[in-house]
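Here is a friendly walk through one protein model, from a pair of strands out to the whole fold. Have the viewer open and follow along.

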Amino acid sequence: SIFVGICLIWSYRVSHVPRDGEDGRLVWIGLLAAELWFGFYWFLTQAHRWNLVYRQTFKDRLSHRYGNELPGVDIFVCTADPVIEPPMMVINTVLSVMAYDYPPEKLSVYLSDDAGSQLTFYALLEASQFAKYWIPFCKKFNVEPRSPAAYLDSISISDDSKQPKELATIKKLYEDMKNQVENVAKLGRLPEVHLRHKGFSEWDSYSSRHDHDTILQILIDGKDPNAKDSEGCVLPTLVYVAREKRQQYFHNFKAGAMNAMIRVSSAISNGQIVLNVDCDMYSNNSLAVRDALCFFMDEKKGHEIAYNELYSSSLRVISQVEFHGLDGYGGPLYIGTGCFHRRDTLCGRQFSREIHNEFKIDIPRDREREETTAVLEEKSKVLASCTYENNTEWGKEMGLKYGCPVEDVITGLSIQCRGWKSVYYNPERKAFLGVAPTTLAQILVQHKRWSEGDFQILLSKYSPAWFANGKISLGLQLGYCCYCLWATNCLAVLYYSIVPSLYLLRGIPLFPELSSPWFFPFAYVVISNYMYSLAEYLWSGGTVLGWWNDQRIWLYKRTSSYLLGFINIIAKSLGLLSDSAFVITAKVSKQEVYRRYVKEIMEFGDSSPMFTALATIALINLVCLIGLMKKAIVNEGIPIIYETMLLQFVLCSILVLINWPLYQGLFFRKDNGKMPNYIAIKSIVLAVSSCTCFTLFST
């Protein structure tokens with residue numbers, strides 16, 4: 001019915017185009033183009049909703065069927081800046097995955113530190129000692145979640161009588177470790193007593209984070225008979241890696257770090273399954289590995305599965321609806337964290353019907369030979385050198401692909417185009433939890449990178465529109481295109497957010513009158529679409545206020561993040577702009593910023609050109625609405641507006657209402673999170689000038 005309404009809207013636009021010389025002819029054609037785009041994009045979004053798949057695992061059957069004959073699992077945790085990504089946050093993530101309910105001799109954890117920070121290494125060294133007590137404590141008392149910080153924050157402080165006696169010891173050990181790491185971070189240097197560990201000698205050749213040799217330390221060797229926890233049980237392997245960096249070699253950001261980890265881990269543990277996790281996303285479910293293996297080791301379908309998403313975030317409708325829809329067409333996108341992979345698919349292996357489930361037999365890891373840890377470390381360092389990939393297929397047909405801001409999405413697409421499938425599992429207890437952006441600037445910068453990268457994929461040789469044609473299902477192609485066209489949404493939304501309001505100020509109607517039968521398709525499509533959107537959001541576990549905030553961010557992204565992403569890609573395509581740097585999203589906030597976030601007060605304290613665009617658009621709509629109301633009251637024209645321009649008036653009013661936090665930041669707030677004064681002044685001048693010029697000079 002919505003599709004019929006959209007077709008009627010298109011019919012209205014085509015059949016009512018003003019004649020040559022009449023007011024609004026060009027803007028009418030612009031509205032037709034925008035509405036054609038909205039209709040087309042709405043159709044793409046429906047592909048996510050045609051074939052939803054919801055999965056359930058039976059972990060008891062996995063254990064009954066395979067016992068201890070389970071594959072090795074290598075876990076990669078990536079960090080790149082000890083300031084933006086504090087070491088305590090990083091090691092909590094590391095400890096949470098080390099404590100998985102999985103045979104420890106089959107578990108290896110690698111921390112990739114692209115900053116090559118002594119502080120991060122020191123924190124990991126302390127964590128390796130704490131793990132000897134934390135892991136047996138988790139398994140003895142079935143602790144959830146297994147991030148020490150998250151667990152200790154979640155337990156009841158007032159009811160200590162019901163807590164195990166060992167808890168006090170764990171608390172003290174954790175607080176001691178935390179204090180030591182944070183004190184060193186405040187000092188900015190390590191005390192001499194800590195520098196005696198052999199691992200710190202690796203920094204003797206260190207010049208800067210962009211110029212140093214490979215730093216690689218096996219802090220816990222799972223093959224070492226002396227590597228035991230406090231209960232005498234085997235510990236998982238734990239490895240610190242800072243790949244070689246040189247000024248003259250481009251390091252390819254996170255994709256380069258992941259590829260180095262794939263190679264290094266193949267020499268040390270060579271787990272058949274690889275899990276990659278961002279350093280700010282701790283494991284919230286100790287059984288997540290077994291959940292993933294239920295798909296990989298399924299006798300009928302397991303041999304087809306290349307990767308398995310266990311991702312949960314604030315992208316509520318995407319995670320609760322859209323990815324389930326993509327799962328019905330061969331699997332969701334690979335979106336960077338919380339994803340289990342077959343190692344061989346990351347290394348470029350093609351899918352073949354002749355491939356059978358290779359996980360039934362416990363294949364020993366490569367290193368079953370007499371080899372000291374020191375020798376293994378030196379051999380593995382070569383694999384993380386900055387020249388290793390020269391004249392190889394790494395970054396092209398092997399590993400994660402280079403040259404795209406969203407290396408995960410393009411890599412997942414190429415894997416699926418080689419015949420593999422992925423599955424999406426969204427358990428009731430989320431597999432991973434992490435931090436979300438706490439300021440508007442952070443979320444806009446993040447979405448600028450995502451939309452820019454997705455649009456770059458659409459225009460590249462790996463475009464889902466043509467490269468994937470015939471290699472993946474049509475539904476999955478439409479799903480990929482939906483995300484790859486995020487950036488292009490900016491044009492239609494920007495047009496609809498400004499032009500109707502300006503013509504409202506001049507008293508020129510652009511929509512059918514209330515008494516016209518053409519009024520009803522517009523009203524029906526708008527109301528039904530938003531009611532469906534609200535119902536879907538509530539069904540996904542959200543609230544009405546959450547949905548309203550989601551609509552606001554929907555508008556802000558399309559008129560700022562996506563706009564800049566679109567301009568950047570077009571400029572790059574024309575050779576006017578070089579590749580942009582990878583921007584790491586901040587994982588910590590200042591205390592006052594976090595307090596405002598908890599109170600749901602929007603943060604504008606940072607300066608950003610995107611804020612100028614948002615504020616200018618918001619003020620244009622406010623000026624137009626005030627100007628119209630003034631004319632209506634003075635000329636007693638309220639009934640005329642109601643009859644002839646109701647839809648335009650409603651559109652402008654909703655835009656003003658949804659921008660209320662912006663007006664607060666511009667005019668009413670006095671805290672440090674308000675809109676910077678120079679942005680406010682610039683936006684006011686631009687908005688008033690635009691409305692004045694349009695009123696005086698347009699015809």
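Let us begin with strand β1 in this predicted model. V73, I75, V77 and T79 point one way from β1, while D74, F76 and C78 point the other way, and all are buried. Since seven of the seven residues of β1 are buried, the strand is largely enclosed by the rest of the structure.

Which strand pairs with β1, and in what sense? Strand β1 (residues 73-79) pairs with β2 in the parallel sense, over seven bridges. Two of the facing positions are easy to pick out in the viewer: C78 has S112 of β2 as its bridge partner, and T79 stands opposite D113 in β2.

Strand β2 covers residues 107-113 and is mostly covered itself, with seven of its seven residues buried. Its side chains split into two sets: L107, V109, L111 and D113 point one way, S108, Y110 and S112 point the other way, and all are buried. D113, the residue opposite T79, thus belongs to the set with L107, V109 and L111, and S112, the bridge partner of C78, belongs to the set with S108 and Y110.

**Helix residues and their partners**

Now to the helices. Helix α18 runs over residues 544-573 and holds S561; L555 lies in α18 as well. Helix α22, residues 646-658, is the place of V656. Each of these residues can be set beside a residue far along the chain, as the table shows.

| Residue | Partner | Separation along the chain | C-alpha to C-alpha distance |
|---|---|---|---|
| S561 | W450 | 111 residues | 9.2 Å |
| L555 | S497 | 58 residues | 8.9 Å |
| V656 | I617 | 39 residues | 9.7 Å |

Is S561 buried or exposed? With a relative accessibility of 0%, S561 counts as buried, because the cut-off for that class is under 20%. Setting aside residues up to four places away in sequence, S561 touches L444, H447, K448, S451, Y556 and M610.

L555 has a relative accessible area of 9% and is buried too. What does L555 contact, apart from its neighbours within four places in sequence? The answer is V493, S497, L655, I658 and N659. S497 therefore appears twice for L555, as a contact and as the partner at 8.9 Å, C-alpha to C-alpha. Among the contacts of L555 are L655 and I658, whose numbers fall within the range of α22, residues 646-658.

V656, in α22, is buried at a relative accessible area of 13%. Beyond its neighbours within four places in sequence, V656 is in contact with N621, L622, L625 and Y663. Helix α20 spans 609-635, and N621, L622 and L625 are among the contacts of V656.

**Backbone details in the loops**

A few backbone angles are worth a look if you plan to inspect the geometry. The loop between α5 (118-141) and α6 (148-154) contains P145, and the peptide bond from E144 to P145 is cis, with omega near -10°. N142 lies in the loop between α5 and α6. Although N142 is not a glycine, its phi is positive, at about 50°. N142 is exposed, with a relative accessible area of 55%.

Where is E600? E600 lies in the loop between α19 (591-598) and α20 (609-635). E600 also has a positive phi, about 60°, without being a glycine. At 59% relative accessibility, E600 counts as exposed, because the cut-off for that class is over 50%.

**The whole protein**

Stepping back, the protein has 24 helices and 10 strands. Its C-alpha trace spans about 90 × 60 × 60 Å along the principal axes. A compact globule of 699 residues would have a radius of gyration near 27 Å, and the 28 Å of this protein agrees with that.

Of the 699 residues, 56% count as buried. Among contacts with a separation of 6 or more, 82% come from residues 24 or more positions apart. The accessible surface amounts to about 30900 Å², and carbon and sulfur atoms account for 59% of that surface. As for charge, there are 70 positive and 70 negative charges, and their mean positions are 2 Å apart.

Definitions and conventions. Residues numbered from 1 in each chain as written. Predicted model: local features only at pLDDT ≥ 70, side-chain atom pairs only at ≥ 80, totals over all residues. Heavy atoms only, no water. Helix = DSSP H or I, 4+ residues; strand = E, 2+ residues; numbered from the N terminus. Rg over C-alpha atoms; globule rule 2.2 N^0.38 Å. Buried < 20%, exposed > 50% of the residue type's maximum accessible area, 1.4 Å probe, protein only. Contact = heavy atoms within 4.5 Å. Areas by Shrake-Rupley, 256 points an atom, 1.4 Å probe, with all protein chains shown as cover. Lys, Arg positive; Asp, Glu negative; His and termini not counted. Charge placed at Lys NZ, Arg CZ, Asp CG, Glu CD. Pairing = 2+ DSSP bridges.
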